[in-house]
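Open the model in your viewer and keep the selection panel at hand. The tour goes from the whole chain to single residues.

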Amino acid sequence: MLENLDFAMSSAAAGILLLMIVHFAAIRPVSRKTVSAMVFGLGALGIVVGSSMVFLHDFPSLSLVHVSIFAFAPLMIAWGMLELFEDDFKVQNWQIAFAVFSIASHYLTAIHPVFGTVCHFTNIMIYCYLFYITVSTHSHDLVEARCKFRFWFMGVAAIDGIIFTSLHTAYGDNLPFTLQLFKNASILGLVVIFAYWALKVREHVWALPQNAEMKRPENLSPAENALLVRLQESMQNNIWRQEGLTIRKLAENLNAPEHRLRKVINQGLGYRNFAHFVNEHRIEAACEVLADPVKADVPVITIAYEVGYGSLGPFNRAFREIVGESPTEYRRRLFSHA
């Protein structure tokens, strides 16, 4: 009976994922968000199917299929989730290098057993990185329909990935049946919850990032409109210069509930990310200083401190993301044309 239950859970998870992938493929217009949801679904489907097809290792001609599933599935899950829940997510060169190394280690397991340990370790690192991003960035999300969901869903999914990859490292393909049953139950639970959430929400999650597509001040209540006015006054008074400013601190300063402030910034001003909202004000002020010939000798790090950054690194990253070049390059370009 337990074996039938295990098979039923795997089949149910696979069926829901297939339906979800078809649903996202049918959404128009196609966006990076819907594509990332499909990639996540395919990665999760790979884990479900691959876990049920360990017998492929007994067939040399098909074992490559099994290896490929587990080489790409964790990367697809991580990329899909990061792309879906992070509006400004950009793949870095080191991430591409790590992905190539991880995939290669899976295919090299046939050459030496040590690569089996390496590929499990890289998968654990993928899930650890996903958990780190979950904890470190969720507070910046202004899209109410996904803010709380992303925190616990990504966190639980990452922890599950770490636990079950560690168990497979210890047991190989001979995972005890009770643990296999628990694994499939956990996957099914996450799949059902994600499918319910993804099919329930639409506009605020699948819309294009930032500003115009989300600006809906007419949907704000009178209390929210009043908060919007106070927020704009506060930003004009340079509250964004406070180092370490968070949405919680800003809400406390405005004597407003945090969830209401999120909605006001999101639907009243069109921002989907709090850090981007604050950074735009800071970088605009920094550009004015950098373009001022009288302040040409002011060090870049001093300007970073003045506009609210605690160190040079975050300032440089935010500046390059918004302006497209570093502060030094920006200043040099302006003065070279003077």
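A contact here means heavy atoms within 4.5 Å. Select the whole protein chain: of its contacts between residues at least 6 apart in sequence, 71% join residues at least 24 apart. This is a predicted model, in which local features need pLDDT of at least 70 and side-chain atom pairs count only at pLDDT 80 or more, while totals for chains, interfaces and linings use all residues. Residues are numbered from 1 along each chain as its sequence is written, and side-chain values use heavy atoms, with hydrogens and water left out.

Next, switch to a cartoon view. The protein chain has 15 helices and zero strands; these are DSSP runs, helices being H or I of at least four residues and strands E of at least two, numbered from the N terminus. Along the principal axes, the C-alpha atoms fill a box of roughly 75 × 50 × 35 Å.

Now show the surface. About 17,300 Å² of the protein chain is exposed, and carbon and sulfur atoms supply 64% of that area; the areas come from the Shrake-Rupley method with a 1.4 Å probe. Of the 338 residues, 46% are buried (buried is under 20% relative accessible area, exposed over 50%, partly exposed in between; 1.4 Å probe, protein chains only).

Finally, select the cysteines. How many disulfides does a search of the whole structure find? It finds zero, a disulfide being a pair of cysteine sulfur atoms within 2.5 Å. For Cys-128, the nearest cysteine sulfur is that of Cys-119, 15 Å away. Cys-128 is partly exposed, at 32% relative accessible area, whereas Cys-147 is buried, at 7%.
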